[in-house]
Amino acid sequence: MRITDLLDKRSIELNAFPDSKQEALDMAVELMGKSGKLKDKEAYRKLVYAREEESTTGVGEGIAIPHGKGSSVKEPGLAAMVIKNGVDFEALDDEPVDLLFLIAAPDTKDNVHLDVLSKLSMMLMDEDFRNNLKNASTVDEFLKIIDEADEERKDVDEKLASTGLSEAGVKVVAVTSCPTGIAHTYMAAEGLEKAAKKAGVAIKIETRGSSGAKNVLSDADIEAADCVIVAADAKVPMGRFKGKKLIQRKVADGINKADELIEIAVSGKAPVYEGGAEKENDIKESKGGAHSIYTWLMAGVSHMLPLVVGGGILVALAFLVDTIAGYGASGSGNFGSITPLAALLKYVGGLAMGLMVPVLAGYIAYAIADRPGLAVGFVGGLLAANGNAALSGFVFSDGATISLDGKALGGFSKFLADLGFQHEGGGATVSGFLGGIVAGFLAGFIVLGLQKLCSKLPAALDGIKPMLIYPLVGMFCIAVLMIFIFNPLIGWVNTELSEMLTQLGKSNALWALGLVLGAMMAIDMGGPINKAAYVFGTGMLTQAAGSSDPNFQKIAYISMAAVMVGGMCPPVGIALANLIFPKKFTKAERGTTITNFIMGASFITEGAIPFAAADPGRVIPCTLVGSGVAGLLVAVFECTLMAPHGGLFVVATIGNPLLYLVAWAVGSVITAIMLGILKKNVEE
């Protein structure tokens with residue numbers, strides 16, 4: 001069977017102009033329907049969309065190969081589209097797709113068509129072949145180009161057989177596989193074969209497609225190999241590779257990063273595969289220690305993101321409502337909750353944002369220890385978000401002297417009261433999102449430890465482990481660690497920072513004060529360092545209201561201006577970076593661009609938290625520098641602010657507002673440019 005046997009002229013469109021991925025898929029399905037090869041077009045459409053839900057079929061280089069296999073297909077077929085202006089297909093390389101082949105495969109034992117489709121997939125890795133197809137002026141010419149290339153090209157089995165291990169040089173064996181085993185499996189094989197040839201490396205490639213395993217690696221092949229590459233998203237027998245240097249990646253990396261995989265194989269730096277009890281593993285991207293930490297962290301961030309977006313927008317709407325009502329120039333500390341509607345919006349938004357840190361911690365723990373880690377992580381996150389309980393709120397404290405029924409506490413009770421509670425004037429113990437990250441990892445590993453300790457308990461106790469032992473012991477352990485170690489440590493840091501700010505204020509070094517306040521607002525976005533700066537600014541406002549010293553009032557109002565501009569820069573800087581450097585961010589992160597502009601304008605720094613949590617080593621330095629520069633400029637420009645919150649909604653209370661906007665813009669742009677320089681392109 002030849003490739004053109006699967007292509008009906010009615011199923012080829014050389015001048016397609018879809019506006020979206022969905023429209024492109026729908027157009028391709030309609031073309032397939034015209035060929036008469038479908039029993040049920042709508043059922044087939046659902047198969048195509050279901051496959052797309054698993055992962056994008058936009059494989060890069062402008063190619064998309066969507067496919068559907070099932071009983072709704074009468075006979076195997078292809079539909080082809082040349083998309084003249086390209087369309088965003090969420091491709092692996094983020095580039096628009098301009099050449100699309102849709103595959104229809106029946107659910108039958110006769111899989112002769114799979115070899116033909118596999119051959120087409122490998123042919124599409126040839127740039128000249130793709131360009132010829134895109135430049136075809138007629139359907140007949142399009143079919144002729146395919147037929148001629150098909151004639152010249154070896155069959156899949158011949159092509160695979162040509163890969164083998166020579167006597168000299170570096171030797172690599174590889175396995176490629178994808179869930180459906182139609183296209184990606186063979187494109188990855190082609191990519192690895194080309195990369196190996198270019199690097200002068202001998203390679204033998206086993207493909208595990210819908211028609212079964214081809215060119216299977218022998219024990220001798222594996223023994224002779226210097227390295228094994230597994231580029232797969234489906235199950236692969238792994239026990240045979242135990243003791244060999246092995247690289248495990250997604251099948252897409254075999255297509256788009258073949259050169260990188262071969263380079264790692266040649267370098268000898270691939271880790272040795274230790275194997276395990278399992279006979280087959282689901283192969284996913286290689287998970288070294290750093291990658292595992294990143295994966296666990298991103299699990300928490302992705303679940304936290306909707307709370308940041310939804311809660312932040314509700315709070316911003318609260319400010320907008322009060323501004324429309326005429327309270328934007330009041331400078332009141334109640335701004336955002338003066339009118340009933342604003343108060344309701346701010347209350348609900350505040351509750352949502354209050355869940356951010358517990359959800360972050362809970363789902364980090366969940367990613368590490370599965371469901372048993374969830375409750376322990378939530379509790380650790382709540383302790384990070386709320387800090388230690390205030391001692392003054394309990395009956396055993398009269399505020400100054402710890403007592404019970406008139407008697408002083410002693411021994412263990414005094415120890416608990418002294419170290420386990422937040423004392424008046426002792427500094428905040430809220431550790432914020434950084435504490436939440438710590439709590440999430442602690443909770444996950446605590447539960448893993450408990451699971452290991454309990455593994456030898458009688459089977460009769462299996463039912464109470466997740467319901468009683470893990471949550472009870474886990475919550476106790478995380479509480480001890482957060483209350484007695486991490487929260488007090490944050491409290492001490494907070495106290496020292498407050499003292500430093502007070503000394504800067506007394507020294508009249510306004511430029512330094514503005515620089516430090518702005519930078520502090522952008523380190524932990526709502527955490528203890530951020531709160532220390534904010535409390536200092538609002539405290540200065542309160543003192544200025546009762547002071548008759550013009551110089552002190554000037555310092556106080558400039559301090560508050562530096563605090564607010566420092567908090568407004570991170571979300572806006574990140575939003576700008578999303579627009580200017582889209583490849584540095586995931587699709588979900590890019591989706592928050594407008595939200596972050598709104599949050600930044602509303603002085604809701606928390607919009608930057610998901611980005612900082614996902615990549616703290618790069619994002620926090622960028623936000624810190626940008627906000628620090630903005631705070632410095634505000635102080636140099638002598639911009640003042642008489643309101644404790646509201647962002648642009650309280651612009652009427654800002655002194656030198658145009659220069660304030662300049663400072664904000666400069667700080668945001670610096671943040672964006674630094675992010676573009678420091679962040680790496682993401683892999684989705």
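Two strands count as a pair here if DSSP finds at least two bridges between them. Keep that in mind as you look around this predicted model.

**Stop 1: strand E6.** Select residues 97–106, which make up strand E6. Of its 10 residues, 9 are buried, so the rest of the structure largely encloses this strand. Leave E6 highlighted, as the next stops are its partners.

**Stop 2: strand E4.** Now add residues 67–70, strand E4. This strand pairs with E6 in the parallel sense, over 4 bridges. To see the two strands side by side, pick Gly68 and look across to Ala104 in E6, which stands opposite.

**Stop 3: strand E3.** Next, select residues 63–64, strand E3. E3 and E6 run parallel too, joined by 2 bridges. Click on Ala64, then find its bridge partner in E6, Leu100.

**Stop 4: strand E5.** Add residues 77–87 for strand E5. Here the pairing is antiparallel, with 7 bridges joining E5 to E6. Try Ala79: its bridge partner in E6 is Leu102.

**Stop 5: Arg130.** Time to visit a helix. Select residues 127–134, helix H4, and pick out Arg130 within it. Is Arg130 buried or exposed? Its relative accessibility is 6%, and buried means under 20%, so Arg130 counts as buried.

What is Arg130 in contact with, leaving aside its neighbours within four places in sequence? Show Glu61, Ile63, Leu99, Leu124 and Met125, and you have the list. Two of these names take you back to earlier stops: Ile63 belongs to E3, and Leu99 lies in E6.

Key:
Residues numbered from 1 in each chain as written. Predicted model: local features only at pLDDT ≥ 70, side-chain atom pairs only at ≥ 80, totals over all residues. Heavy atoms only, no water. Buried < 20%, exposed > 50% of the residue type's maximum accessible area, 1.4 Å probe, protein only. Contact = heavy atoms within 4.5 Å.
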